[in-house]
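Welcome, and please open your viewer. We will go from stop to stop, with something to select at each one.

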Amino acid sequence: MTPKREVLLNAFTMNTVGHVSPGLWRHPRDRSGEYHRLSYWTDLAKICERGCFDGLFIADVLGLYDVYQGGPETALREAAQVPINDPALLVSAMAAVTQHLGFGITTNLSFEAPFLLARRMSSLDHLTEGRIGWNIVTGYLNSAARAMGLPRLPEHDSRYDLAEEYLEVVYKLWEGSWEDGAVRRDRAAGVFTDPARIHRIRHQGAHFDIDAIHLCEPSAQRTPVLYQAGTSSAGRAFAGRHAECVFVSGPTAQVVGPRVAALRQAAVAAGRGVDALRVFSALMVVVAPTQAEAEDRYAEYLRYGSTEGALALMSGWTGLDFGALPLDQKIEHVETQAMRTALDNITRADPSRSWTVREVADFTTVGGIAPVIVGSPGQAADGVEAWVEATGVDGLNLACAVMPETFESIADLLVPELQHRGRFRQRYTPGTLRH
């Protein structure tokens, strides 16, 4: 009998209130309103390491969700991913209270010089001793572009053209500027670094003109683990060439499965193996000691959800103003410059289903566009195994409803059951996040 694959697990969160469960910040057990306190994050990191999670995947967004009803008022009132702080500043503190947990942080390359990003990632790789990953994004909100002095975002595919050259530059800085052994730390000779083993990076391209020596000595991984989240045609091609881990989302296995297969084909087309990518899908798991308790907990979560907050998020993700549509109107596909996958999820990705505005709001209130599994530890593990087999994913980005309750329940109830079934590691093994 072929042994079952072990599942990879990330906690999926954001340096904000509520993240993908709008309105749940009002729940009496939720602590996400404390997102701006360091103890909130160090406590979460310790919970994740207790559960042997592979990583803490921290999403980010620049700009306000102002597509819904033509302004940011709903997002501000409902705390739809605002206020939001910088994810990179959390990592050092969380690394200090853990030994193995990885950290995937989202940074938008459209608005930052590659020289600066390369230094930040190298610094974090040093401080975490090789536990850092970079989730590469190009942005999807015009409000972010305006905040940076631009009238709007560049067109969707042209953002990936920029990303291609951006990666070319940071690879040169991380991998080509400092040789192994360039840092001698020779006290007797008075030589810390051998200048002969340091190389100036010169790059002239369509977007960047660089003449620089990377400021950081080589870190444990040099290049951080590269995450990517786009599954449009341009996003798949980019992932096939560069990504090590890809984050996909979708409401059903019928939507997610073909995306996983297409990503693996893109890696093969790029000259990499079919197993070059580790694909993580979004999933929401509500687990409790018994089925009845889990169902009661999920029903309780739904009572605190915000319909308007959900629609504000979906409007920003898709570029379509759901506030301009009646709640019972069917949603039709239109071309936008926002996240194309997000709109495909509720229009053409699954031809057997059509969505109304109301159905979209109800579905995304708890966990965003991720499907929800509710049950006892055994039932939740059954659901996870079925999802992994049906979609072909390697791992899960587990969304949160109530912080940290959702992750505590997964660490204490779901993980032991998956371990018992041989579907999850018993302990960490030494090495970097890439290992």
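**First stop: a strand residue**

Select L396 and show its neighbours: leaving aside residues up to four places away in sequence, L396 touches V7, L8, L9, N10, F280, S281, L283, V384 and W387. Touching, or contact, here means heavy atoms within 4.5 Å. This is a predicted model, in which local features need pLDDT of at least 70 and side-chain atom pairs count only at pLDDT 80 or more, while totals for chains, interfaces and linings use all residues. Residues are numbered from 1 along each chain as its sequence is written, and side-chain values use heavy atoms, with hydrogens and water left out.

L396 lies in strand β13. Helices (H or I, at least four residues) and strands (E, at least two) are DSSP runs, numbered from the N terminus. Is L396 buried or exposed? With a relative accessibility of 0%, L396 counts as buried; the term means under 20% relative accessible area, with exposed over 50% and partly exposed in between (1.4 Å probe, protein chains only). Now pick L283 as well: 113 residues separate it from L396 along the chain, and their C-alpha atoms are 6.4 Å apart.

**Second stop: a cis bond on the way to α14**

Move on to P404, in the loop between β13 (395-398) and α14. A cis peptide bond joins M403 and P404, with omega about 0 degrees. Most residues other than glycine have a negative phi, and most peptide bonds are trans.

**Third stop: two helices side by side**

Select residues 38-50, helix α1, together with residues 405-420, helix α14. They pack at an angle of about 20 degrees, and their axes are 8 Å apart. Axes are lines fitted to C-alpha atoms, for helices over the stretch in contact, and angles run from 0 to 180 degrees between N-to-C directions. The two helices, α1 and α14, are therefore roughly parallel to each other (angles under 35 degrees count as such, over 145 as roughly antiparallel, 65 to 115 as roughly perpendicular and the rest as oblique).

Which residues of α1 and α14 make the contact? Show L44, I47 and R50 of α1, then F407, E408, A411 and D412 of α14.

Stay on α14 and select Q419. Q419 is buried, with a relative accessible area of 16%. Not counting residues up to four places away in sequence, Q419 touches F424, R425 and Q426. Between Q419 and E408 there are 16 Å in space, C-alpha to C-alpha, and the two are 11 residues apart in sequence.

**Fourth stop: loops with unusual angles**

After α1, go to C52, in the loop between α1 and β2 (55-59). C52 is not a glycine, yet its phi is positive, about 60 degrees. C52 is buried, at a relative accessible area of 8%.

Next select A79, in the loop between α2 and α3. Phi of A79 is also positive, near 60 degrees, in a residue other than glycine. A79 counts as buried, at 11% relative accessibility.

P83 is in the loop between α2 (73-78) and α3 (91-96). V82 and P83 are joined by a cis peptide bond, with omega about 0 degrees.

**Last stop: one face of a helix**

Finally, select residues 357-364, helix α12, and colour its buried residues: V357, V360, A361 and T364. Look down the axis of α12: these residues fall within an arc of 95 degrees, so they line one face of the helix. The arc is that of the directions from the helix axis to the C-beta atoms. Add α10 (307-318) to the view, as the buried residues of α12 pack against it.
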